[in-house]
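This report is meant to be read beside the model, with the ligand site taken up before a few residues of the helices.

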Amino acid sequence: MRVLGIETSCDETGVALYDTCQGLLGHTLYSQVDMHREYGGVVPELASRDHIRRILPLIRQLFGQLDTSLESVDAIACTQGPGLAGALLTGASFSSALAFARNIPILNIHHLEGHLLSPLLSDPAPDFPFVALLVSGGHTQLMLVDGIGQYRLLGETVDDAAGEAFDKTAKLLGLDYPGGKLLAELATQGRAGRFKLPRPMLNSNDQNFSFSGLKTAAALLIGKHEMNSQTRADIAFAFEDAITDVLVKKSITALNITGLKQLVVAGGVGANSRLRQKLLHHLSGAGITVFFPALEFCTDNGAMIALAGALRLQQFDRCLGSGSFTIKARWNLEDL
Ligand code: KG4
Ligand code: ZN
């Protein structure tokens with residue numbers, strides 16, 4: 001069966017075609033980042049309008065590349081939430097209309113389930129069960145993944161998400177939006193040992209995180225020093241060092257508690273090289289396999305939504321929705 005995946009939860013329009021026998025056939029993506037940059041963050045209304053503009057051309061482009069058509073699609077998987085309400089509505093209404101017109105089923109997908117399962121697009125892929133570290137712009141969670149739809153929350157951030165902390169600190173350092181990647185690039189020029197920032201909740205005896213204090217500590221440091229390019233890089237280094245230390249330590253605790261030997265890292269911050277290096281350094285010697293999605297599947301994309309839809313179709317052999325549609329701007333993964 002072929003599943004068309006549609007992702008519009010935030011500022012990326014992503015579409016993909018996944019075949020339950022052949023795997024991912026292709027995907028296309030449009031990032032609105034250039035449009036939002038001048039506002040220093042995502043403007044929800046602009047995001048919604050742009051999804052409407054992009055979605056059809058992206059699908060045409062995908063089918064053109066694959067030399068196929070809508071006739072080959074057996075089901076549509078669409079991100080139902082969580083995310084920006086208006087942005088989600090564009091994908092949901094589009095998908096619902098398309099499914100109705102073609103008389104094919106629709107699968108409502110949880111955006112974070114897409115991220116969680118995205119390492120299954122790579123080879124080798126993890127087997128169930130595994131621990132997942134979900135680190136995106138809106139979420140930071142450690143999950144125990146027993147199977148499709150079987151997710152148990154082990155810990156999460158009590159305030160800012162890791163990506164949010166990266167982006168806010170990057171802004172304080174004068175970097176463009178979204179700053180996570182730019183801060184990581186700046187940090188490569190930074191020197192170890194000049195500044196030390198706190199590692200919040202490092203020894204809190206649970207798997208929860210807190211990053212807003214770290215961002216404030218970085219702000220205080222920035223306020224105290226004359227800024228030049230080396231100082232900015234040193235602060236970026238100290239920030240990245242602190243946040244990745246916490247993510248690594250909590251992941252190790254989660255693995256110890258569950259006794260599992262596989263860690264999956266998903267979400268945009270999963271693209272961070274320092275995080276990847278530290279996890280591999282600490283875990284490969286301990287017999288733990290760490291799985292990272294391919295970089296193109298770390299940030300939002302349609303492939304992970306098509307995959308989640310295809311796996312749900314195979315696993316549960318049933319679809320949700322019947323012409324009418326709803327979105328869930330807030331949605332707990334455990335409620336699936
Ligand atoms: O998963 P994602 O694409 O969107 C959400 O669902 O939130 O994640 C985006 C987040 C942003 O905060 C971005 O700054 C961060 O991932 N990010 C990074 C890197 N690349 C993207 N953070 C740190 N280092 C990176 N290399
Ligand atoms: Zn995401």
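What follows describes the surroundings of the ligand and then three residues in turn.

**The ligand site**

The model is a predicted one, and the distances and areas given here should be read with that in mind. Ligand 1 is surrounded by 18 residues, of which Gly137, Asp167, Gly268, Asn272 and Asp300 come nearest. Sorted by class, this shell consists of four nonpolar, 11 polar and three charged residues. The table lists polar atom pairs between ligand 1 and the protein.

| Residue | Protein atom | Atom of ligand 1 | Distance |
|---|---|---|---|
| Histidine 115 | N or O atom in the side chain | oxygen | 3.2 Å |
| Glycine 268 | polar backbone atom | oxygen | 3.0 Å |
| Asparagine 272 | N or O atom in the side chain | nitrogen | 3.0 Å |

On its own, ligand 1 has 560 Å² of accessible area, and the protein covers 86% of this. Two or more residues of the shell are given by each of the helices α4 (111-117), α5 (162-172) and α6 (179-187), and the largest share, three residues, comes from α5.

**Phenylalanine 166**

Helix α5 also holds phenylalanine 166, and this residue counts as buried because its relative accessible area is 3%, where the limit for buried is under 20%. Leaving aside residues up to four places away in sequence, phenylalanine 166 touches Gly180, Leu183, Phe239, Glu240, Ile243, Val269 and Asn272. Of these contacts, Asn272 is also among the residues that come nearest to ligand 1, and the side chain of asparagine 272 supplies the N or O atom that lies 3.0 Å from a nitrogen atom of the ligand. Between phenylalanine 166 and asparagine 205, which are 39 residues apart in sequence, the C-alpha to C-alpha distance is 24 Å.

**Threonine 90 and arginine 60**

Is threonine 90, a residue of helix α3 (residues 85-102), buried or exposed? With a relative accessible area of 12%, threonine 90 is buried, because this value falls under 20%. When residues up to four places away in sequence are not counted, threonine 90 is in contact with Thr8, Ser48, His51 and Ile52.

Arginine 60 belongs to helix α2 (residues 44-66). Its relative accessible area of 58% is over 50%, and therefore arginine 60 is classed as exposed. The C-alpha atom of arginine 60 is separated by 36 Å from that of lysine 168, a residue 108 places away along the chain.

Methods
Residues numbered from 1 in each chain as written. Chains lettered and ligands numbered in written order. Predicted model: local features only at pLDDT ≥ 70, side-chain atom pairs only at ≥ 80, totals over all residues. Heavy atoms only, no water. Near = heavy atom within 4 Å. Polar contact = N/O pair within 3.5 Å; in protein donor to acceptor, adjacent residues only side chain to side chain. Areas by Shrake-Rupley, 256 points an atom, 1.4 Å probe, with all protein chains shown as cover. Helix = DSSP H or I, 4+ residues; strand = E, 2+ residues; numbered from the N terminus. Nonpolar A, V, L, I, M, F, W, Y, C, P; charged D, E, K, R; others polar. Buried < 20%, exposed > 50% of the residue type's maximum accessible area, 1.4 Å probe, protein only. Contact = heavy atoms within 4.5 Å.
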